Every structure is written in C-alpha cells, then in structure tokens.
Amino acid sequence: MVSLRSGRTGAASVAAVAAGTSAGARRATKAAASLDALRFSSKRARVEVAYEVDDDTKAPEAEKEALKVVQQGTAKKSGGPLPPLTRAFQPHKNWAAAWDAIATMRASKSAPVDAMGAEELGDESGSPEVFRFQTLVALMLSSQTKDEITAMAVRQLQKLPGGLTVDSVIASDEATLQQAIYPAGFYRNKAKYLKQAAIILQRDFHGGAFASGMQL
C-alpha cells in the first residue's frame, strides 16, 4: 500500500508497508524502518519527504520491487541518495480491531463487487480463451466505473454478433463499442483501447490462446 500527502508548503510522506494479506499484516508488525525526513528546497516551497518500509527479508519480490520504485522516485525528486534506514515502524494501536471489524462486515459478501466484480462477468460456458478475454475486458472497463455499470457494459458487449470475443470486437467499429459500454467512465477511450487490445491478441497471441492466466 502506498500513500502520499502533499501540499504547497506542507510535508509529503510516502509509506510502503506490505499489509495486503494476513501474512503481510504480520510482517508489518515486525521490525521495519523509516527514513528521517529528507528536506530539499524548491522555488516555491520547502518540501519534507519521509517514508516507511517493511524490512522483512521474506517479503515477496513484488513488494520489494514496488518499494524500489518508491525509493527511486523519492531520491530522484530530492536530487540525491536517500539517507539510511533509522527507526522502527509501529502499526497503529487499533489496527487489529479495525481488521477484525472489516472481516466481520465482509463476512456476508453482500457488496456489489461480490456478484459483479470483473472476475464474475466472463461467460464460463464458452472456451477458456473467450472467458479470459471477457475477464480482461471487464477489468479494462472497471477503471473509474462502478461494479454495476461494469457488469451492464460487459453484458451489452456479450450481445455483439458472435458474442464478446476477440473477433467480434475487431469486427465492430468504435461507435458500436462506445454505445455498448456507455455510461462506463471514459467510454470513448475504453472503446478504443478494447479494439486495440483485441488486435494485439489476434496478431501476437493467436486470438487469446494463452498458456495461462499469468500470461494474460
């Protein structure tokens, strides 16, 4: 999780803590480190930068890579190397209670995402390639769009001649795709990107015949 606060004359802080899973949450409670504020000047204001890292050597490689991006970006802004890690990070005293409350609230799985999330919208009665493509389409449409609207847009696309497939998207003009996915956020751009993605899949991946979901 990365958060950033900034102001014209205020302070900016970046926190990178692996807490996306229960294992990550446990790691976040272990010894970690934060950086002393790194001060630098600009023409308009002085800005203070500080960030915290999970220093667990067992953290997944993806989390470590994400941390490197944060560190490199902060160093680039400051114009110099970052200072060494100094003091330990302590999670908020109420984090465990908050976690338990969230688990209780989500136990019923009654949120729209539970029934209309992108992973729920593909047609599993078709081939694996078609299902994967429809899942990809749902993910692309979901940006800046409510789950209910994303679901409606996917259902409309599934009514295209031949269904929602790589071939049917390529055969459709952008105006038809726009009409199908409206009122999804940024529907004009998304229609263009859907068509481009379908062309890439047809050209480079045999119409979406991926070896695995990871390759997708």
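Here are some exercises with worked solutions on the predicted model shown above.

**Exercise 1: Get an overview**

Work out how many helices and strands the protein chain has, and in what pattern they follow each other.

*Solution.*
Step 1: Start by counting. The protein chain has nine helices and five strands.
Step 2: Now walk along the sequence. The pattern reads β-β-α-β-β-β-α-α-α-α-α-α-α-α.
Step 3: Add some totals. The protein chain has 216 residues, and 33% of them count as buried. Its accessible surface comes to about 13,600 Å², with 56% belonging to carbon and sulfur atoms.
Step 4: Look at how contacts span the sequence. Take the contacts between residues at least 6 apart in sequence: 58% of these join residues at least 24 apart.

**Exercise 2: Two helices that pack**

Find the angle between helix H6 and helix H8, and decide whether to call the pair parallel, antiparallel, perpendicular or oblique.

*Solution.*
Step 1: Locate the partners. H6 covers residues 147–157 and H8 covers residues 174–181.
Step 2: Read off the geometry. The two helices pack at an angle of about 135°, and their axes are 7 Å apart.
Step 3: Pick the word. Roughly perpendicular runs from 65 to 115 degrees, and roughly antiparallel needs an angle over 145. The angle is about 135°, so H6 is oblique to H8.
Step 4: See who meets whom. H6 brings Ala 153, Gln 156 and Leu 157, while H8 brings Leu 177, Ala 180 and Ile 181.
Step 5: Sort these by class. The contact of H6 with H8 has five nonpolar residues, one polar residue and no charged ones.

**Exercise 3: Into the core**

Name the residues that touch the most other members of the largest nonpolar core, and say which helices each supply at least two residues of this core.

*Solution.*
Step 1: Remember the background. In soluble globular proteins, nonpolar side chains tend to be buried together.
Step 2: Find the well-connected members. The largest nonpolar core has 23 residues, and those touching the most other members are Phe 133, Val 137, Leu 141, Leu 157, Leu 164 and Ile 181.
Step 3: Go to the helices. H5 (128–142), H6, H7 (166–171), H8 and H9 (187–204) each supply at least two residues of this core.
Step 4: Zoom in on Phe 133. Skip its neighbours within four places in sequence, and Phe 133 is in contact with Leu 164, Thr 165, Val 166, Val 169, Ala 198 and Leu 201.
Step 5: Link back to Exercise 2. Leu 157 and Ile 181 appear in the core list, and they also take part in the meeting of H6 with H8.

**Exercise 4: Spot the unusual backbone**

Look at Lys 109, Gln 144 and the bond between Tyr 182 and Pro 183, and say what stands out about phi or omega.

*Solution.*
Step 1: Know what to expect. Most residues other than glycine have a negative phi, and most peptide bonds are trans.
Step 2: Check Lys 109. Its phi is positive, near 50°. Lys 109 sits in the loop between H3 (95–106) and H4 (112–116), and is exposed with a relative accessible area of 58%.
Step 3: Check Gln 144. Here phi is near 55°, again a positive value. Gln 144 belongs to the loop between H5 and H6, and it is exposed too, at 64% relative accessible area.
Step 4: Check the bond. Tyr 182 and Pro 183 are joined by a cis peptide bond, with omega about 10°. Pro 183 is in the loop between H8 and H9.

**Exercise 5: Buried or exposed?**

Decide whether Leu 160 is buried or exposed, then do the job again for Asp 123.

*Solution.*
Step 1: Take Leu 160, in the loop between H6 and H7. Buried means under 20% relative accessible area. Leu 160 has 8%, so it is buried.
Step 2: List its contacts. Leaving aside neighbours within four places in sequence, Leu 160 is in contact with Ser 168, Ser 172, Thr 176 and Leu 177.
Step 3: Take Asp 123, in the loop between H4 and H5. With a relative accessible area of 34%, Asp 123 is partly exposed.
Step 4: List its contacts as well. Not counting residues up to four places away in sequence, Asp 123 touches Phe 131, Gln 134 and Gln 158. Asp 123 and Gln 134 are eleven residues apart in sequence, and 7.3 Å apart from C-alpha to C-alpha.

Conventions
Residues are numbered from 1 along each chain as its sequence is written. This is a predicted model: local features need pLDDT of at least 70, side-chain atom pairs count only at pLDDT 80 or more; totals for chains, interfaces and linings use all residues. Side-chain values use heavy atoms; hydrogens and water are left out. Axes are lines fitted to C-alpha atoms, for helices over the stretch in contact, and angles run from 0 to 180 degrees between N-to-C directions. Helices (H or I, at least four residues) and strands (E, at least two) are DSSP runs, numbered from the N terminus. Angles under 35 degrees count as roughly parallel, over 145 as roughly antiparallel, 65 to 115 as roughly perpendicular and the rest as oblique. Contact means heavy atoms within 4.5 Å. Ala, Val, Leu, Ile, Met, Phe, Trp, Tyr, Cys and Pro count as nonpolar, Asp, Glu, Lys and Arg as charged, and the others, Gly among them, as polar. A nonpolar core is a set of buried Ala, Val, Leu, Ile, Met, Phe, Trp, Tyr and Cys residues joined through side-chain atoms within 4.5 Å. Buried means under 20% relative accessible area, exposed over 50%, partly exposed in between (1.4 Å probe, protein chains only). Accessible areas come from the Shrake-Rupley method with a 1.4 Å probe; for residues, only the protein chains shown count as cover.
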